[in-house]
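Please open the model in a viewer, with the backbone drawn as a cartoon and side chains available on demand. The tour proceeds by selection, and each stop says what is to be found there.

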Amino acid sequence: MRFARVGPIGEEVPVVEYDGKTYDLRPLTADIDGRFLADQARQILPALSAGRLAPFVVEAGARWGAPIARPSAIYCIGMNYAAHAAESGSAPPEHLVVFMKAPSSLAGPYDDVTIPRGSTKTDWEVELGVVIGARAHELDSGAGARAAIAGYTVVNDLSERDWQITRSGGQWSKGKSAPGFCPAGPWLVTPDEVDADDLRLRSWVNGSQRQDSRTNDLIFSIEEVLIELSSVLVLEPGDLILTGTPAGVAFSGRFPYLAHGDVVELEIELVGRQRQEFVGYSEASSHTKE
């Protein structure tokens, strides 16, 4: 089963793809949010059997939003692939590195991204996103962690490296939270559809491959991430967790940072593919004024 939200910003229609067909979820919920994931998602199969959900046709050119409504929190795990830690000049972490992105950074998987004013080091990061489906605190087992997961999605953890590292004051979130810096989707794929511990992640910039790895290279597994996070905070339904990015980003020094007109594509097998075109701040401002 796969969830998505289709339509203009603020008017997205919640849909579900099941058995190869797409259905309108509005008879069950106004949106794909924490309440729906925790309580109402289990009503889908009975509703389908009763004929309560009408087929939904995604029109050509329709906008795809992030597959979840704005979460209460976006938690991110840093340097969770050894090769990425090395290209960043760091040893693999002994403890979970955690930072946050502003929920307002969430965007659709194909939305254009405006490079922030003054940015010279906007960078890409393909990541497997985990969406929480049940309130979780002090999880103590892998089974408990898995039971708290609603599904998985593709996320681009966009970063402004100068703000993240040089002018950070020691906290990464400053370079992570610009508008549009968290493209997610197009799908939220339920756990029964994939083996999240062994998925291939890839990214391309202007058609040239940048990243290529698998989630079995995670330093801290998905279960370990959820268990440790839940030991220090409460995970709420609808929260989004970014599990880390593999090697192959501009911060490595091997590739240029993003500039006006660049196109980034990301893919995680069985989960989805996304594409963003980057617009320079001055070009975006000139277009707005016209």
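In which sense do β10 and strand β17 (residues 240-242) pair, and over how many bridges? The two strands pair in the antiparallel sense, over 3 bridges. Please note before going further that this is a predicted model.

**First selection: strand β10 and its partners**

Select residues 126-132, which make up strand β10. Display the side chains and compare the two directions in which they point. V126, L128, V130 and I132 point one way from β10, while E127, G129 and V131 point the other way. In a regular strand, side chains alternate between the two faces of the sheet. Are the residues of β10 buried or exposed? Of the 7 residues in the strand, 7 are buried, so β10 is largely enclosed by the rest of the structure.

Now add residues 240-242, strand β17. Within this pairing, V131 of β10 stands opposite L240 of β17. Next add residues 149-156, strand β11, which pairs with β10 in the antiparallel sense over 7 bridges. Here I132 of β10 is the residue opposite I149 of β11.

**Second selection: the open sheet**

Turn to the sheet whose strand order is β8-β19-β18-β15-β16. This sheet is open, has 5 strands and shows mixed pairing. Which strands stand at its edges? They are β8 (113-114) and β16 (208-214); each has a single partner strand, so one side of each is left without a neighbour in the sheet.

Begin at the β8 edge. Strand β8 runs parallel to β19 (residues 272-279), and 2 bridges join the two. Selecting T114 together with V279 shows a pair of residues that stand opposite each other across β8 and β19.

Move next to β18 (residues 263-268), which pairs with β19 in the antiparallel sense over 6 bridges. Strands of a sheet pair through backbone hydrogen bonds, in either the parallel or the antiparallel sense. In this pairing E267 stands opposite R273 of β19. β18 and β19 form a hairpin with 3 residues between them. Centre the view on L270 in the turn, where phi is positive, at about 70°.

**Third selection: loops with notable backbone geometry**

Continue to N206, found in the loop between β15 and β16. N206 has a positive phi of about 50° although it is not a glycine. Its relative accessible area is 46%, so N206 is partly exposed.

Then select D19, in the loop between β2 (13-18) and β3 (21-24). D19 is likewise not a glycine, yet it has a positive phi, of about 55°. How accessible is D19? Its relative accessibility is 70%, and D19 therefore counts as exposed.

For a peptide bond of note, select G185 and P186: the bond from G185 to P186 is cis, with omega near 15°. P186 belongs to the loop between β13 (182-183) and β14.

**Fourth selection: D195 and E223**

Select D195, in the loop between β14 (188-189) and β15 (200-205). D195 is partly exposed, with a relative accessible area of 47%. A distance drawn from the C-alpha atom of D195 to that of V279 reads 35 Å, for residues 84 apart along the chain.

Then select E223, in helix α6 (residues 222-232). Why does E223 count as buried? Its relative accessible area is 18%, and buried means under 20%. Leaving aside residues up to four places away in sequence, E223 touches G142, A145, R146 and D197.

**Final view: the whole protein**

Clear the selection and zoom out. The protein has 7 helices and 19 strands. Its radius of gyration is 18 Å, close to the 19 Å that the globule rule gives for 290 residues, so the protein is as compact as a globular protein of that length. The C-alpha trace spans about 55 × 55 × 30 Å along its principal axes.

Of the 290 residues, 55% count as buried. Among contacts between residues at least 6 apart in sequence, 75% join residues at least 24 apart. Colouring by atom type suits the surface: the protein exposes about 12,600 Å², and carbon and sulfur atoms supply 49% of this area. Colouring by charge brings out 26 positive and 40 negative side chains, with the centres of the two sets 4 Å apart.

Conventions:
Residues numbered from 1 in each chain as written. Predicted model: local features only at pLDDT ≥ 70, side-chain atom pairs only at ≥ 80, totals over all residues. Heavy atoms only, no water. Helix = DSSP H or I, 4+ residues; strand = E, 2+ residues; numbered from the N terminus. Buried < 20%, exposed > 50% of the residue type's maximum accessible area, 1.4 Å probe, protein only. Contact = heavy atoms within 4.5 Å. Pairing = 2+ DSSP bridges. Rg over C-alpha atoms; globule rule 2.2 N^0.38 Å. Areas by Shrake-Rupley, 256 points an atom, 1.4 Å probe, with all protein chains shown as cover. Lys, Arg positive; Asp, Glu negative; His and termini not counted. Charge placed at Lys NZ, Arg CZ, Asp CG, Glu CD.
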